[in-house]
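Me: I'd like to learn how to read helix packing and residue environments in a model. Can we work through one together?

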Amino acid sequence: MPRRTLLLLTAALLAATLTGCAAGTSSPEAAPGTGTGATPGSGAGTARRVSDDPAQTLHLAEQLLIKSCMERHGYEYWVEQRPAADGASRFPYVVDDPAWAARHGYGTDLYRARQEEARRDPNQRYFRSMPADRAPALVSALNGPQPTGLSARLPNGIRVTHSDRGCEAEAERTLYGDLPAWFRATRITDSLGGMRVGLVLNDKRYKAAVVPWARCMKAKGHPYPSPAEARAAATRPDKPWPHTKEVRLASAEADCAGAGELAAVAKSLDTEYRAELRRRYPGPTSDLDRLKREALPRARAIVTRGD
């Protein structure tokens with residue numbers, strides 16, 4: 001399920017607003033190149049080209065439905081882009097793309113760019129412009145009044161909940177039909193992704209492949225015993241590295257991953273555990289596939305209409 005900037009930062013901004021730190025009342029100026037929505041408050045949208053990427057089509061359709069719902073409630077909303085994968089999610093086991101490493105290192109440049117985009121995000125600026133007494137109502141309109149109505153028990157035993165009201169829930173209900181099933185499927189499959197990474201990292205075959213990788217790294221002057229420790233050293237927020245130094249380390253990591261078996265072993269194990277988890281939890285994964293498949297014609301129609 002896409003995580004919108006407004007949803008990600010609402011809690012912190014709401015706390016600031018309620019303590020009087022964001023009590024401005026001016027409307028945010030337009031942010032060139034930010035989002036893809038029509039001008040807020042303009043009513044009917046403009047027809048858009050349907051992407052060849054089903055995930056992009058579903059994301060845009062959901063965003064358009066949220067926008068329409070928020071405007072009916074008297075609020076502005078800017079359609080937000082689907083977030084790109086960062087370095088950690090793109091390379092959870094080892095950086096194995098030399099060209100990417102030579103450009104981005106471990107991706108801290110992309111992370112900083114996303115932070116800057118979040119500061120310029122028109123939804124965030126609109127939220128910050130809200131008087132303190134109106135901000136909670138905006139959050140409620142988007143997220144629902146209370147995190148109740150939807151529930152899922154994750155494989156680790158933790159129960160997560162969310163409101164079945166608000167514009168986010170309305171958009172997902174319109175798009176996917178069975179909102180409780182969609183909530184369970186997305187939350188459980190999201191957690192399975194983290195489980196899969198943990199299984200790979202703790203697999204003895206992965207650990208065995210790390211040993212020659214570490215020897216290769218040491219020979220290059222980078223004595224890190226694992227990719228995780230190399231990444232951690234280069235991406236500490238309290239001790240940021242110069243970009244050129246980060247690139248050198250990540251490039252060495254990619255070279256050593258390709259020179260040995262680590263990249264191939266990690267990819268093979270990821271595929272193996274992905275299949276195993278689908279077998280162990282067939283319901284959520286098959287539900288998610290079905291709900292997306294059934295929603296795609298509706299999403300294409302929504303995007304084409306531009307509503």
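Reply: Let's start with handedness, keeping in mind that this is a predicted model. Helix α10 passes α13 in a left-handed crossing.

Me: How do I describe a pair of packed helices in general, and at what angle do α10 and α13 cross?

Reply: Two packed helices are described by the angle between their axes and the distance between the axes. For α10 and α13, the axes come within 9 Å and cross at roughly 165°. Angles over 145 degrees count as roughly antiparallel, so α10 is roughly antiparallel to α13.

Me: Which residues make the contact of α10 with α13?

Reply: On the α10 side you'll find Arg-205, Tyr-206, Ala-209, Val-210 and Trp-213. From α13 come Leu-262, Val-265, Ala-266, Leu-269, Glu-272 and Tyr-273. By class, that contact divides into nine nonpolar, no polar and two charged residues.

Me: What about Ala-264: where is that residue, and is it buried or exposed?

Reply: Ala-264 sits in helix α13, which covers residues 262-280. The cut-off for exposed is over 50%, and Ala-264 has a relative accessible area of 53%, so it counts as exposed. For a sense of distance, take Ala-209: its C-alpha atom is separated from that of Ala-264 by 9.3 Å, with the two residues 55 apart along the chain.

Me: And how does α10 pack with α12?

Reply: Run the same routine. Helix α10 (residues 204-219) and helix α12 (residues 243-259) pack at about 135°, their axes 9 Å apart. That angle makes α10 and α12 oblique to each other. Here α10 passes α12 in a right-handed crossing. The α10 residues in the contact are Trp-213, Cys-216 and Met-217, while α12 brings in Leu-249, Ala-252, Glu-253, Cys-256 and Ala-257. Sorted by class, the contact of α10 with α12 has seven nonpolar, no polar and one charged residues.

Me: Let me try another pair, α2 and α14. What are the angle and the distance between their axes?

Reply: The angle is about 60° and the axes are 8 Å apart, with α14 covering residues 282-305. So α2 and α14 are oblique to each other. As for handedness, α2 passes α14 in a left-handed crossing.

Me: Which residues meet there?

Reply: On α2, look for Pro-54, Thr-57, Leu-58, Leu-60, Ala-61, Leu-64 and Leu-65. They meet Lys-292, Ala-295, Leu-296, Ala-299, Arg-300, Ile-302 and Val-303 of α14. The classes in the contact of α2 with α14 come out as 11 nonpolar, one polar and two charged.

Me: While we're on α2, what does the side chain of Gln-63 reach?

Reply: For a polar side chain, check how accessible the residue is, then look for a polar partner. Gln-63 lies in helix α2 (residues 54-72). Its relative accessibility is 0%, so Gln-63 counts as buried. The side chain of Gln-63 reaches the backbone nitrogen of Glu-80 at 2.6 Å.

Me: Gln-56 is in α2 as well. Which residues is Gln-56 in contact with, beyond its neighbours within four places in sequence?

Reply: Those are Ser-51 and Arg-82. In accessibility terms, Gln-56 is at 23%, so it counts as partly exposed. You can also place Gln-56 relative to Gln-81: they are 25 residues apart in sequence, and 9.0 Å apart in space from C-alpha to C-alpha.

Me: Can you show me a case with contacts to backbone oxygens?

Reply: Sure, try Thr-186, found in helix α9 (residues 179-201). With 2% relative accessibility, Thr-186 counts as buried. Its side chain reaches the backbone oxygen of Trp-182 at 2.9 Å. The backbone oxygen of Phe-183 also lies 3.0 Å from a polar atom of the Thr-186 side chain.

Me: Let's zoom out. How many helices and strands are there in the protein?

Reply: The protein has 14 helices and two strands. Of its 307 residues, 43% are buried. For the contacts, take those with a separation of 6 or more: residues 24 or more positions apart account for 74% of them.

Key
Residues numbered from 1 in each chain as written. Predicted model: local features only at pLDDT ≥ 70, side-chain atom pairs only at ≥ 80, totals over all residues. Heavy atoms only, no water. Helix = DSSP H or I, 4+ residues; strand = E, 2+ residues; numbered from the N terminus. Buried < 20%, exposed > 50% of the residue type's maximum accessible area, 1.4 Å probe, protein only. Axes fitted to C-alpha atoms, helices over the stretch in contact; angles between N-to-C directions. Parallel < 35°, antiparallel > 145°, perpendicular 65-115°, else oblique. Left-handed = near helix turned anticlockwise from the far one by under 90°. Contact = heavy atoms within 4.5 Å. Nonpolar A, V, L, I, M, F, W, Y, C, P; charged D, E, K, R; others polar. Polar contact = N/O pair within 3.5 Å; in protein donor to acceptor, adjacent residues only side chain to side chain.
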